[in-house]
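Visitor: I've got a structure to look at and a few questions about how it hangs together. Could you walk me through it?

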Amino acid sequence: MNATVGDRLLVHGNTVGERDRSGEITEVQGLDGGPPYMVRFDDGHTGLVFPGPDAVVVPQ
């Protein structure tokens, strides 16, 4: 998984009733665009994310 600043991260809910989350990647801390990513989610929360198999990077 590779990303650049400005791309969006979409994390699919992995249990019944859990909503998908999405946000803008504001910082890439891994080598060559790899994780972890600092993400500002649409709900205003900002956090360091190590994306799992339920996550997708959507290019800007």
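Guide: Sure, and one term before we start: a residue counts as buried under 20% relative accessible area, as exposed over 50%, and as partly exposed in between. Keep in mind that this is a predicted model.

Visitor: Then where does aspartate 32 fall, buried or exposed?
Guide: Aspartate 32 sits in the loop between strand 2 and strand 3. Its phi is near 50°, a positive value in a residue other than glycine. The relative accessible area is 74%, and the cut-off for exposed is over 50%. So aspartate 32 is exposed.

Visitor: Let's zoom out. What pattern does the protein chain follow along the sequence?
Guide: The secondary structure comes to zero helices and five strands. Read from start to end, that gives β-β-β-β-β.

Visitor: How does the radius of gyration sit against the globule rule?
Guide: For 60 residues the rule gives 10 Å, and the chain is close to that, so it is as compact as a globular protein of that length. The C-alpha atoms fill a box of roughly 35 × 25 × 20 Å along the principal axes. The radius of gyration itself is 11 Å.

Visitor: What share of the exposed area do carbon and sulfur atoms supply?
Guide: For context, 28% of the 60 residues count as buried. The chain exposes about 3900 Å². Of that area, carbon and sulfur atoms supply 53%.

Visitor: Which UniProt annotation covers residues 1-57?
Guide: That span is 0% helix and 42% strand, and its end C-alpha atoms lie 7 Å apart. The label comes from an unreviewed UniProt entry. It reads "domain: DUF1918".

Visitor: On to the strands. Over how many bridges do strand 2 and strand 3 pair?
Guide: These two run in the antiparallel sense. Within the pairing, glutamate 27 stands opposite methionine 38 in strand 3. The count of bridges between strand 2 and strand 3 is five.

Visitor: And which residue takes a positive phi in the hairpin of strand 3 and strand 4?
Guide: Strand 3 and strand 4 also pair in the antiparallel sense, over four bridges, and valine 39 stands opposite glycine 47. The hairpin has four residues between the strands. With phi near 100°, the residue in question is glycine 44.

Visitor: Which residues make up the uncovered face of strand 3?
Guide: The covered face of strand 3 carries Tyr37, Val39 and Phe41. On the uncovered face, arginine 40 has a relative accessible area of 41%, so it counts as partly exposed. That face is made of Met38 and Arg40.

Visitor: What about strand 5: which residues there point to one face and are buried?
Guide: Side chains alternate along strand 5 (residues 55-58), and Val56 and Val58 point to the face that is not buried. Strand 5 pairs with strand 1 in the antiparallel sense over four bridges, with valine 57 as the bridge partner of leucine 9. The buried ones are Ala55 and Val57.

Visitor: Now the charges. Which residue meets arginine 8 in a salt bridge?
Guide: A search of the whole structure finds two salt bridges. In this one, the N to O distance is 2.8 Å, inside the 4 Å cut-off. Arginine 8 is partly exposed at 32%, while its partner counts as exposed at 51%. That partner is aspartate 42.

Visitor: And which residue meets arginine 40 in a salt bridge?
Guide: Here the N to O distance is 3.1 Å. Arginine 40 lies in strand 3 and its partner in strand 2 (residues 21-28), so the pair ties together parts 16 residues apart in sequence. The partner is partly exposed, at 29% relative accessible area. Its name is glutamate 24.

Visitor: Leaving aside neighbours within four places, what else is arginine 40 in contact with?
Guide: Proline 51 is eleven residues away along the chain, and the two C-alpha atoms are separated by 14 Å. The contacts of arginine 40 include its salt-bridge partner, glutamate 24. The full list is Gly23, Glu24, Thr26, His45 and Thr46.

Visitor: Last one: which peptide bond is cis?
Guide: Look at proline 36, in the loop between strand 2 and strand 3. Omega is near 10° for the bond leading into proline 36. The cis bond runs from proline 35 to proline 36.

Technical notes: Residues numbered from 1 in each chain as written. Predicted model: local features only at pLDDT ≥ 70, side-chain atom pairs only at ≥ 80, totals over all residues. Heavy atoms only, no water. Salt bridge = Lys/Arg side-chain N within 4 Å of Asp/Glu carboxyl O. Buried < 20%, exposed > 50% of the residue type's maximum accessible area, 1.4 Å probe, protein only. Pairing = 2+ DSSP bridges. Contact = heavy atoms within 4.5 Å. Rg over C-alpha atoms; globule rule 2.2 N^0.38 Å. Areas by Shrake-Rupley, 256 points an atom, 1.4 Å probe, with all protein chains shown as cover. UniProt positions renumbered as here; feature names shortened; annotations may be inferred.
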